[in-house]
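Colleague: Can we go through this one together? I'd like short answers, please.

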Amino acid sequence: MTPERLGELIDRYAAALVLYARQWCIAPEDVVQDAFVKLVQQVDSPEQVVPWLYRVVRNGAISQSRSARRRQKYETRKAQKLPEWFEMGDDPTGLDSSVVTEALSELPVDQREIIVAHLWGALTFEQIAELVGTSTSTAFRRYNAGLNTLRLQLGASCPI
Amino acid sequence: MSDLNREPSGERDKFAQMLRNLAPSGGKLRRERVVFEAGRMKGQRQARFWVGMTAMLACLAVCLAFWIIITTPDQYPHVRVRQFAEPTATPALIPVVVPVPYRLEPSEKPELEQIAQQMDDDRLKRAWEIRRQMLEKGIDELPELPSSPNLPKAVANDLRDILPDEGPPRPQVPGSIYLLPR
């Protein structure tokens, strides 16, 4: 793994990975950083780097969430609402990032992680199914259900 | 890839495209920090490898040296190297008169022998002849000699008491030193 290749992966996938890790933990940056460090330490680079990164981030985020929940349950719950999940957009016809953040955070985790992985991580449903540990059809069904829920919640804000 | 991943179409897919247009926030993640940490961890791993390799080679060298010392101690003689103080600088050469050593003549015996043969004294000639025979053949091969006529009787009696009568007769060389009683 060359430094140039690592920088390219960070530029392209780091933000989406942070968004993906936010589904579980309050310090997603640390999880994503550890994932990139683990990627560099691999003797043989994985064949599909992006799904591998998502798997490592998912495992790390869930592990961090469990340990943080054991330590300070109240503070964790409170801190989860603080950060913005998306950059503030300049397009006035686009969606409001804070509203999308709130609507997305209220989705069930199994639907939310599939939506994030597919829309912002650009993973296929086959890769998502392998990542989540379910079938492709189930992943697709959860994706549609979550997207419909979001549309209903964002109906007022949605320009469509 | 299945049909599930086809390009978006329809109203729901347009909504999905609008969601996709939102750029996720990277939070506090910094690109330089990630690259630095990745390089540092990789460097630590390589450093651990070299530390382990160095320790292993050091242990191997110690074991090899120990084995050499234990197994072959006699093949290498102990050599003590002693360093002496350097001699002082040679003083300036001064011409010194060195006496020529006295050269001895090869031998004076022939002259003495010639002198003894030329002398008229029979006793001296006889003594010289006995000496020559004793040197050439040994003392046991000497002929029996008559007793000294000039030896005082009292002294001869004392010698008879001192010297044992047993054993081979002793040569009596004229002119030699006699044992005297106290």
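Colleague: What share of the residues in chain B is buried?
Modeller: Buried residues make up 6% of its 182 residues. Buried means 20 or more other C-beta atoms, placed from the backbone, lie within 10 Å of the residue's own. One caution: this is a predicted model, where local features need pLDDT of at least 70, side-chain atom pairs count only at pLDDT 80 or more, and totals for chains, interfaces and linings use all residues. Residues are numbered from 1 along each chain as its sequence is written, with chains lettered from A and ligands numbered from 1 in the order in which they are written.

Colleague: How many helices and strands does chain B have?
Modeller: Chain B has five helices and zero strands. Those are DSSP runs, numbered from the N terminus: H or I for helices, at least four residues, and E for strands, at least two.

Colleague: New topic. How many residues does each chain bring to the contact?
Modeller: Chain B brings 29 and chain A brings 38. Two residues are in contact if their C-beta atoms, placed from the backbone, lie within 7 Å.

Colleague: Which helix gives the most on the side of chain B that touches chain A?
Modeller: H1(B) does, with nine residues.

Colleague: And at what angle do H1(A) and H2(B) cross?
Modeller: Roughly 140°, with the axes coming within 10 Å. Axes are lines fitted to C-alpha atoms, for helices over the stretch in contact, and angles run from 0 to 180 degrees between N-to-C directions. H1(A) and H2(B) are therefore oblique to each other. Angles under 35 degrees count as roughly parallel, over 145 as roughly antiparallel, 65 to 115 as roughly perpendicular and the rest as oblique.

Colleague: Which residues of H2(B) meet H1(A) there?
Modeller: B:Arg31, B:Val34, B:Val35 and B:Ala38.

Note on methods. Buried ≥ 20, exposed ≤ 12 C-beta atoms within 10 Å, placed from the backbone.
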